[in-house]
Structure formats: structure tokens, C-alpha cells
Amino acid sequence: MKNVIITGSTSGIGLGIARYFAKAGNNILLNGLEKNGAEIAKSISDEFEVQTIYSPANMLEPAQIYDMVAEAETTFGKVDVLINNAGIQFVSPIEEFPTERWDAIIGVNMTSCFHTSKAVWTGMKDRNWGRIINITSAHGLRASAFKSAYVAAKHGVTGLTKTLAIEGANCGITVNAICPGYVKTPLVEGQIADQAKAHGMTEEEVIQNVMLTKQPIKEFVEINDLAALAMFIASDAAKMITGASIPVEGGWTAQ
Ligand code: NAD
């Protein structure tokens, strides 16, 4: 049994990973802005008989991030695994890209990973064991037009992953990234609509001609594909894997 913090876990990929880890008997701190976050945390605790906490910490507010980690350390005793998953998206050509959307995407998708990692680091180092898993994206390795902030933030986390892997190398901490292709979650549903507008296409045309054209395997990635990999990275068997960005994207970045 491990104690796991998963940011942005009251929806989509984070929620799926939370359920997967809870099913395996791990305690979870769930975080996210969904209004029913506390109910989600309780239902996971009831279903899988593990301890859960719900934290509404806003990943744009460093003080709330440090309080969230402190709450997990106090309630669970320690934090073994941190999964940085919270993320937002905005799709627009650069000349119309709103500055406040740039700032928010860099803040949630990248800077929050610095704060959460910093907050768990001392405890993991003292115990000589820790796992940090960043859910980046194929866009942490490749670019697409109209996603300047998202691609910049995800590439930034790819760099942070490598840096912290080196810093954690001699204190039992591994730091890796999982790079999904397209997963049909609320975030992607929003992108389909935005891209349709940006490209002047129907939503079905966006799915077939814009999104999945980049993936040789023409299917959406399933959340459990990501959760199973996260579970392996969190295990002792993965102790020699660190600083890696592991694609789960149907061959997108092989090209
Ligand atoms: P989602 O919209 O379903 O969930 C995002 C979660 O992040 C939600 O719980 C939301 O409340 C939370 N969040 C957003 N802003 C926050 C903030 N300021 N503070 C705290 N929580 C906040 O999205 P998803 O598709 O499940 O995406 C999860 C992660 O996976 C993101 O980092 C995303 O970039 C990445 N990803 C998604 C896909 C995909 O196709 N869905 C592909 C590659 C990478």
C-alpha cells in the first residue's frame, strides 16, 4: 500500500488513475476543481476500502499546493507517489492567443509541477524512496499548430522531469513522464470543438483528419493504458527507469 497524490483527479485521466490505484489498495489524495470532488473521493474510499482525501487546491496558487501536500503528509503519514496530472488547454493562432490563457496554461500545466515536486521532495529524500510521475503529452515531445502555450508547458515539464531525475538519482526518487496521445476526456471534447472552429471543419472531420491523423494507430488511447503504466513506474521493478518520457500514443512520436 502506498500513499498517492494525484493532481487534477476529479475528472478524466486523473480520475481513472485514482480509481486504478485505489482498486490496488493505495490511499489517494484527489485534487481538482470539480464541485463534486468531495463526493468522488468518498465514493472511491467506500468502493475500494482505502483512505481518500479531497483537496480543492488551485494549482495556480502555490500556498494552496503546499497546504495540499502538508495535508496528505499529516493524514497519511507520508507521500510515496506524486502524479502531476492537472492540465488545461486552449487552442488559438498566436496572434489571437489571449495572454491570460498563456499564463494559466503555463501555471497549471508546468509551474504547479515545480511546486508539488518541491513540496514532496524532502520527505521522499529522507525516506530514500519516491516516485514522481508527470502526465505530459505527445505534445511534450512534438508540436502542433495553435497550441503554443500547451506545447511550451509540456516541453517544459519534459525538461523538469529530466532535471529532477538527476537530482533524485542518489536518493531513491525516480521522476518520469507519461506522454499520452489523444484520450477522449472532457479536455479533448473541448479541443474538438475549438479545433473545428480554428480549422473551419466539422467535429467528425477534426477527429479523423486533425487528431487521429498523427497517430498511426487510429484509436483514442484508453485511460487504463496510462494507469497501468503509472502503476508499473510506481513499483520497485521500475527503479532503474528515471528521466524518461514514455509515449503512449499509438506511434505518433515514432514519426
Ligand atoms: P480533464 O479536463 O478531464 O481533467 C483535468 C483535471 O485538472 C480536472 O480535474 C480539473 O479540475 C483539473 N484542473 C484544471 N485546472 C486546475 C487548477 N487550476 N487547479 C487544480 N486542478 C485543476 O483533462 P484530461 O484529459 O483528463 O487531462 C489530464 C492531463 O492529461 C492533462 O495534463 C492533459 O494535458 C494530459 N493529456 C491529456 C490528453 C487527452 O487526450 N485527454 C492527451 C495528452 C495529455
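Colleague: How far does a polar side-chain atom of Thr 185 lie from an oxygen atom of the ligand?

Modeller: Bear in mind that we're looking at a predicted model. A pair of N or O atoms counts as a polar contact within 3.5 Å. The polar side-chain atom of Thr 185 and the ligand oxygen make such a pair, at 2.3 Å.

Colleague: And how much of the ligand's exposed area does the protein bury?

Modeller: Start with the ligand taken alone, which exposes 830 Å². Put the protein back, and the share of that area it buries is 94%.

Colleague: Which residue offers a polar backbone atom to a ligand oxygen?

Modeller: Thr 10 uses a polar side-chain atom, 3.4 Å from an oxygen atom of the ligand, so set that one aside under the 3.5 Å cut-off for a polar contact. The backbone atom you're after is 2.8 Å from a ligand oxygen, and it belongs to Ile 13.

Colleague: Which helix gives the most residues to the shell around the ligand?

Modeller: The shell has 30 residues, with Ser 11, Asn 85, Tyr 150, Val 183 and Thr 185 the closest. Three helices each supply at least two of the shell residues: α1 (12-23), α5 (148-168) and α6 (186-199). The top giver, with three residues, is α6.

Colleague: How many charged residues are in that shell?

Modeller: Sort the shell by class and you get 15 nonpolar and 13 polar residues. The charged ones number two.

Colleague: Where does the ligand sit, and how much space lies there?

Modeller: The space taken by the ligand is the largest pocket. That pocket has 36 lining residues, and Asn 85, Ala 86, Gly 87, Ile 88 and Leu 187 are the closest to its centre. As for the space in the largest pocket, it's about 670 Å³.

Colleague: Which element has the largest share of the pocket lining?

Modeller: Four helices each supply at least two residues of the largest pocket's lining: α1, α4, α5 and α6. The largest share is four residues, and it comes from α6.

Colleague: What about cavities: how much space lies in the largest one?

Modeller: Searching the whole structure turns up one cavity of 30 Å³ or more. Its lining includes Asn 84, Asn 109, Cys 113 and Lys 154. The space in this largest cavity comes to about 40 Å³.

Colleague: Which strand gives two or more residues to the lining of that cavity?

Modeller: Among the elements that do so are α4 (99-127) and α5. Asn 134 and Ile 135 are both in the lining, and the strand on the list is β5 (130-135).

Methods
Residues numbered from 1 in each chain as written. Predicted model: local features only at pLDDT ≥ 70, side-chain atom pairs only at ≥ 80, totals over all residues. Heavy atoms only, no water. Near = heavy atom within 4 Å. Polar contact = N/O pair within 3.5 Å; in protein donor to acceptor, adjacent residues only side chain to side chain. Areas by Shrake-Rupley, 256 points an atom, 1.4 Å probe, with all protein chains shown as cover. 1 Å grid on protein atoms, 1.4 Å probe; cavity = no way out; pocket = protein on both sides within 12 Å on 5 of 7 lines; lining within 4 Å. Sits in = over half its atoms within 2 Å of the grid points. Nonpolar A, V, L, I, M, F, W, Y, C, P; charged D, E, K, R; others polar. Points joined across faces, edges and corners; volume = space filled by probe spheres on them.
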